[in-house]
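Visitor: I should like a close look at one single part here, followed by an account of what surrounds it. Which part would you choose, and how does it fit in with the rest?

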Amino acid sequence: MRIADVLRNKGSAVATVTPQTTVAELLAGLAEHNIGAMVVVDSGGVVGIASERDVVRKLHRFGAELLNRPVSDIMTALVATCGPADQVDDLSELMTEKRVRHIPVLEDGRLTGIVSIGDVVKTRMEELHAEREQLHDYITQG
């Protein structure tokens with residue numbers, strides 16, 4: 001299955017913030033959308049990704065002051081990305097290798113979606129279910 005198929009099922013909406021957004025605003029957005037990460041964009045496109053994990057890792061260093069700092073202070077700037085034509089299995093390997101849970105989808109340099117580890121797992125579960133049904137039908141028919 002391709003990433004485009006995943007986005008067709010889940011939608012292509014992506015929650016974004018700018019590098020100047022405060023960490024407090026980031027956290028409010030994560031809670032509002034019930035998500036674990038937001039893509040950081042500026043006029044040039046994707047410049048990073050900020051996740052709950054990024055916040056936690058910096059919290060011990062900055063304490064409560066972290067909430068007033070810009071997202072650019074905590075974001076991961078080196079972002080793994082994929083394209084709509086990429087295979088979900090390849091993305092799963094990339095997520096495991098890079099130890100990331102969210103991957104922005106870019107098409108011609110433009111942000112067109114985001115895929116989470118949960119999306120990958122759900123897709124794989126659906127594929128396994130369909131395979132099981134096909135095998136069951138094959139066995140019971142003959």
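Guide: Strand 5 is largely enclosed by the rest of the structure, because 5 of its 7 residues are buried. Buried means under 20% relative accessible area, with exposed over 50% and partly exposed in between (1.4 Å probe, protein chains only). The model is predicted, so local features need pLDDT of at least 70 and side-chain atom pairs pLDDT 80 or more, while totals for chains, interfaces and linings use all residues. Numbering starts from 1 along each chain as its sequence is written, and side-chain values use heavy atoms, without hydrogens or water.

Strand 5 covers residues 110-116. Its partner is strand 4, residues 102-107, which runs antiparallel to it over 6 bridges; pairing requires at least two DSSP bridges. One of the positions can be named: Pro-104 has Ile-114 in strand 5 as its bridge partner. The two strands make a hairpin with 2 residues between them, and in that turn Asp-108 has a positive phi of about 55 degrees.

Ile-114 appears again at the second largest pocket, where Ile-114 is among the residues closest to the centre, together with Lys-10, Ala-13, Ile-35 and Ala-37. This pocket holds about 230 Å³ of space and is lined by 14 residues. A pocket is an open set of points on a 1 Å grid over the protein atoms alone, with room for a 1.4 Å probe and protein on both sides within 12 Å along at least five of seven lines; lining residues have an atom within 4 Å of a point. The volume is the space filled by probe spheres set on the points, which are joined across faces, edges and corners. Strand 5 supplies the largest share of this lining, 3 residues. By class, the lining has 7 nonpolar, 5 polar and 2 charged residues (Ala, Val, Leu, Ile, Met, Phe, Trp, Tyr, Cys and Pro being nonpolar, Asp, Glu, Lys and Arg charged, the others, Gly among them, polar).

The largest pocket draws on other elements. Its space comes to about 460 Å³, and of its 17 lining residues, Ser-51, Thr-76, Arg-99, Val-100 and Arg-101 lie closest to the centre. Helix 3 (52-62) and strand 3 (45-51) each contribute at least two residues to the lining, with the largest share, 4 residues, coming from helix 3. This lining divides into 7 charged, 6 nonpolar and 4 polar residues.

Strand 3 also belongs to an open sheet of 3 strands, in the order 1-2-3 and with mixed pairing. Strand 1 (16-17) and strand 3 stand at its edges, and each has a single partner strand, so one side of each is left without a neighbour in the sheet. Strand 1 runs parallel to strand 2, joined to it by 2 bridges, and Val-17 stands opposite Val-40 of strand 2.

As for the whole chain, there are 5 helices and 5 strands, taken as DSSP runs numbered from the N terminus (H or I, at least four residues, for helices; E, at least two, for strands). From the N terminus on, the elements run α-β-α-β-β-α-α-β-β-α. The C-alpha atoms fill a box of roughly 70 × 35 × 25 Å along the principal axes. Of the 142 residues of the chain, 35% count as buried.
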